[in-house]
Amino acid sequence: MSIVAEVPEGVETERIGYAWAINHALAEEMRRDPRVWMMGQDIGKMGGVFGVTRGLFEEFGAARVRDTTINETFIVGGAAGAAMTGTIPVVELQFADFGLVAGDEIFHKLAKWRYMHGGKLGLPAVVRLPTGVVGGAGAEHSQSLEAMGMHVPGLKVVLPATPADAKGLLKTAIRDPNPVLFFEHKGMYRVKGEVPTSEDYLVPFGEAAVRRRGDAATLVATGLMVPRALEAAEKLAAEGTELEVIDPRTLVPLDMETIVASVERTGRALVVHEAVRTAGAGAEIAARIQEAAFFALDAPVWRLGALDTPIPQDPDLEQLVIPSTAQIESAARELLAL
Amino acid sequence: MSTKTAQEAEGAATDEDVLALDLYREVSRIRALELLLNRYVKEHGFGGFWHPGLGQEAVQAGAVMALRREDYLFYAHRGLGYALVKGMAPEVLLGDLLGRVGGSVGGKGGGTVHFVDPELGVLGQGGTLGSNFVLGAGAATSIQILGEDRVVAVFFGDGAAARGTFHEAALQAAVWKLPIVWVCENNGWHLSAPFSAQSPTEDIADRAAAYGVPGVVVDGQDALAVRAATLDAVERARGGDGPSLVEAKTLRIRGHYEGDPQKYRDDIADGLEVPRDPLRILRERVPAAEADALDAAAAEEAEAALEKALAMPKGGPEVVTAGVWS
């Protein structure tokens, strides 16, 4: 039982941050394909409010790295219009929450226009959505809204939890012919990790990563909850209890096969996410686990998520809303005791 | 037939007589289909809501005739004239309205217009009115990035003009000098609300000034005037000078949808009479015999198209799940 190496042996890597891994994916894809371009607020000379797009304006120029004004309906709707007409837009919203301002454009135009028009329109667009708590950003800048993407057919939903995945999943997203909501965790931008340097490093959609092998229970975690679930698993491992930690990486498509196979071995499952617990992605995952592996379960499938409350503005208080490592550890212990 | 005509028309811009005849043909074709649909809905109904464009044919024909085949079109929900004049076959359009697999959306249609033909630049219509503004600006950004010679036409009504998406798209389009022509069909009605009750100014074209772009008002019943005003805007866009707004004043003759009792309205009788009928206005410019022949051909085309559309099968369960993903 051990932590699974994220990058296969023999692959050349560099140790960089999550934000820089996204930056590299953008730069590599824009070099590879002249149809790829970007727009968003302050992504040009400033390099984005979180610095993710630094240097891209200088390399690719104002025609392909476009600063917009405060106009989310255009940023996303414009991406949809551009995607139908021969280019591949990768747009940035400053905060995932602002996607709600462009709700019509995300949930109607991107998600439905191909379907409504008999499959004749292509919509290869990526919407980058800085998600989650970041320390004092407040109720309208800190949400985890990925379940909304799962609820409306036609959108792929991606949540990288490591720098390597941030690069590999974004490159796959840009090459995908479908619209992709790319929920990058803004609280993880500075997290460093080994990232393959290859320009062909792609992480496929619909393949969960088993972050840690174990036989006592299965923890399914996304985004910021992946490192917390791994820390919690470490605590239990010190006592000889090995938890399996699975990171789905993409919620649409969702790799239930890996999750179900794990639960069939462990007999117990805990789903953890930063989004509010009610009607979060965990509800869907838990439902599917019991549908597929009911007779293998030794206990109910549990969910751990944020409290059903908005995120408070205060940086200390916001941590009280989302699951902590200690809470994951304690939930896992209780589940094991059932 | 019509696409060729549109291209020819551009080359023959100085020959007003030829142009008038071309426009007459298109307005007459749209009218014939409008009357046919009016009859069909009354006799048979169909799944969904038909939003008739009767009386607004000159705006649709005149503006689309100012476009080239490769130009992009985001049309509005009222009628089928836009797509017809851009070159789509009438039986395909009727197939869409009647939910037939031979329609352009392969059986996903039914009632409300969602025609599509990327080869002809026909890109669709937003169910959420006003959503075409941002889509059109995005398509125009593609054109600019790819260095293409195309223009985007975005149609909208006086109701949709109120959407915030217009402001977001217009501001960015003006700053980036995107190749867009906004064609407003001001038919005087936001569904049940008169335009005058919802606009502080008489003309939507005035709003263009806020973005530093041209905004002109044109008689929407005069196809030649609409075509000329739109062509100016198209040429400006193609030349790299950015977007413009053309507001065509027209009138909604029928209800919001066919069957709408229009109890909110006392300005018209519930008939098919078109005040300042664009066909009558164009007739003054074309020989009577030719106009008669075009009317007869248009009626024949419409009847034949309906027959072809009705012969197409309707979609089954396979249509329901097709096309979600690429």
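**Reading chain B and its contact with chain A**

Tutor: In this predicted model, the contact between the chains draws 34 residues from chain B and 36 residues from chain A.

Student: Which elements of chain B supply at least two residues each to the side that touches chain A?

Tutor: They are β2 (122-124), α6 (132-146) and α7 (164-176). Of the elements on that side, α6(B) gives the most, with 10 residues. By class, the side has 16 nonpolar, 16 polar and 2 charged residues.

Student: Why is α5(B) called oblique to α11(B)?

Tutor: Helix α5 (residues 90-97) and helix α11 (residues 288-311) of chain B pack at about 50 degrees, with their axes 8 Å apart. Roughly parallel needs an angle under 35 degrees, and roughly perpendicular runs from 65 to 115. The angle of about 50 degrees fits neither range, so α5(B) is oblique to α11(B). Their crossing is right-handed.

Student: What makes the contact between α5(B) and α11(B)?

Tutor: From α5(B) come B:P90, B:E91, B:L94 and B:G95, while α11(B) brings B:E301, B:A302, B:A305, B:L306, B:K308 and B:A309. By class, that contact has 6 nonpolar, 1 polar and 3 charged residues.

Student: Chain B has how many helices and strands?

Tutor: There are 12 helices and 8 strands in chain B.

Student: How do you know that chain B is as compact as a globular protein of its length?

Tutor: Its radius of gyration is 19 Å, and the globule rule gives 20 Å for 326 residues. The two values are close, so chain B is as compact as a globular protein of that length. The C-alpha trace of chain B spans about 50 × 50 × 45 Å along its principal axes, and 56% of its 326 residues count as buried.

How values were computed: Residues numbered from 1 in each chain as written. Chains lettered and ligands numbered in written order. Predicted model: local features only at pLDDT ≥ 70, side-chain atom pairs only at ≥ 80, totals over all residues. Contact = placed C-beta atoms within 7 Å. Helix = DSSP H or I, 4+ residues; strand = E, 2+ residues; numbered from the N terminus. Nonpolar A, V, L, I, M, F, W, Y, C, P; charged D, E, K, R; others polar. Axes fitted to C-alpha atoms, helices over the stretch in contact; angles between N-to-C directions. Parallel < 35°, antiparallel > 145°, perpendicular 65-115°, else oblique. Left-handed = near helix turned anticlockwise from the far one by under 90°. Rg over C-alpha atoms; globule rule 2.2 N^0.38 Å. Buried ≥ 20, exposed ≤ 12 C-beta atoms within 10 Å, placed from the backbone.
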